[in-house]
Amino acid sequence: MATNIFHTDYPWTSPDAPLVVSAPMMKITLGRLAVTVSAHGGFGFLAGGFDLSPLARDLTEAAEYAKSQNVLLHNGTLPIGVGFQNWGSDLHMAVEALKENPVAAAWFFAPKQLSDLIDWAKAIRTISEGKTKIWVQVGTVAEAIEVAKTTKPDVLVVQGSDSGGHGLAQRSSLLTLLPETADALAAEGIEIPLIAAGGIVDGRGVAAALTLGANGVALGTRFLAAQEAVIAKGYQDEVLRVTDGGTSTTTTTIYDVVRGIHGWPRAYNGRGVVNRTYLDAVHGMSNEENTDRYQEAMKQGDAGWGPEGRLTTYVGAGVGLVRKVMPAGEIVRHVQQEALEILQRSAAPKVQ
Ligand SMILES: Cc1cc2nc3c(=O)[nH]c(=O)nc-3n(C[C@H](O)[C@H](O)[C@H](O)COP(=O)(O)O)c2cc1C
């Protein structure tokens, strides 16, 4: 029987199944999705992104939605988390929003420098009297060790190179990153639960991640095809259409350039579907012309997506495994069930 070590801190999560987390995805995972995931035994994160001006309102809406669904507070906190892109986020705004609507966890990602997270963790732990747990997403063994020693998070999210959206340009897949991170932490005598992220889409990925040393998993791309995702139809259609992510997606900074997003730390890029924006950049089109064409494509609505389109379609390398749109709660239950079946089968292999 699989046991979920997170059940004590987060009692709404399924006790006897691997923890399935819906990763924060900027502007896409808001209150409805996060609350629904948590209401079905998972752990949903609402994305704060880097511009926190809508956060207080988004959290109030999440709290109202939770109430309407009879989703209870736990230990005085909403049973969801909030994800921050720390490089651009304002700590004061974060604190104000969290004071009004405390949540069970804050997820940090991509600070300008790792030491910035120390103040963030301190401030959020102080205002919540330790009720809001600190999760930090890292991409290398070195980052994991440094964050573990300095920020001392409650959970480390280890993000491998198949992940969708932003991540470190230089990192390896979960297959090597996860066990090496677990070993390095153990060698330092540090005990922090690990959540695996990057390329996990179904129960097979979950079973593999647990085997490699994870205590739970976070899925991003799979939840792009959740009914509750706030996503354009053209984008979601692409998530279902695209296969063979190793060639149909790429990592690049051009998608931030054409969208006018400045400020990501230089070590990061983003994984998305290869489209005209990317191909034209590779063939030498200037950033100015590429940006103009992107803005034209924005006026086409859903026709602006696709391999010949220009609208940014951040997805992970596992996108080919996402085959239909489902309610977020069903995704959680289905992935957990599949993982349990696989783990049970592999625990009792057939001998010829
Ligand atoms: C469209 C999209 C947006 C994302 N936005 C965020 C974000 O705002 N904050 C964050 O910490 N991670 C973000 N991520 C990365 C996720 O936290 C996670 O690492 C990733 O989705 C895991 O890989 P997967 O997509 O293969 O499941 C995003 C990922 C995607 C696909």
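## Exercises on helix α4 and strand β1

In α4 of this predicted model, the residues L117, W120, A121 and I124 are buried.

**Exercise 1.** Determine how the buried residues of α4 are arranged around its axis, and which elements cover them.

*Solution.* Begin with the helix itself: α4 runs over residues 116–127, and its 12 residues reach 18 Å from the first C-alpha to the last, close to the 16 Å expected at 1.5 Å a residue. Next, recall that an α-helix has 3.6 residues a turn, so residues three or four places apart point the same way. Applying the cut-off of under 20% relative accessible area for burial, we take L117, W120, A121 and I124 as the buried set. Viewed down the axis of α4, these buried residues fall within an arc of 95°, so they line one face of the helix. On the other side, D119, K122 and T126 are exposed. Finally, the cover over the buried residues includes β3 (78–85), α3 (91–100), β4 (103–109) and β5 (133–138). Just after α4, E129 takes a positive phi of about 50°.

**Exercise 2.** Establish whether the faces of strand β1 are covered or open, and identify the strands that pair with β1.

*Solution.* In a regular strand the side chains alternate between the two faces of the sheet. For β1 (residues 19–22), L19 and V21 lie on one side and V20 and S22 on the other, and since each of the four is buried, both faces are covered. Turning to the partners, β1 pairs with β9 (residues 216–219) in the parallel sense over four bridges, and S22 stands opposite L219 in β9. The pairing of β1 with β2 (residues 43–49) is also parallel, over two bridges, with V21 standing opposite F43 in β2.

Notes: Residues are numbered from 1 along each chain as its sequence is written. This is a predicted model: local features need pLDDT of at least 70, side-chain atom pairs count only at pLDDT 80 or more; totals for chains, interfaces and linings use all residues. Side-chain values use heavy atoms; hydrogens and water are left out. The expected span of a helix is 1.5 Å times one less than its number of residues. Buried means under 20% relative accessible area, exposed over 50%, partly exposed in between (1.4 Å probe, protein chains only). The arc is that of the directions from the helix axis to the C-beta atoms. Contact means heavy atoms within 4.5 Å. Two strands pair if DSSP finds at least two bridges between them.
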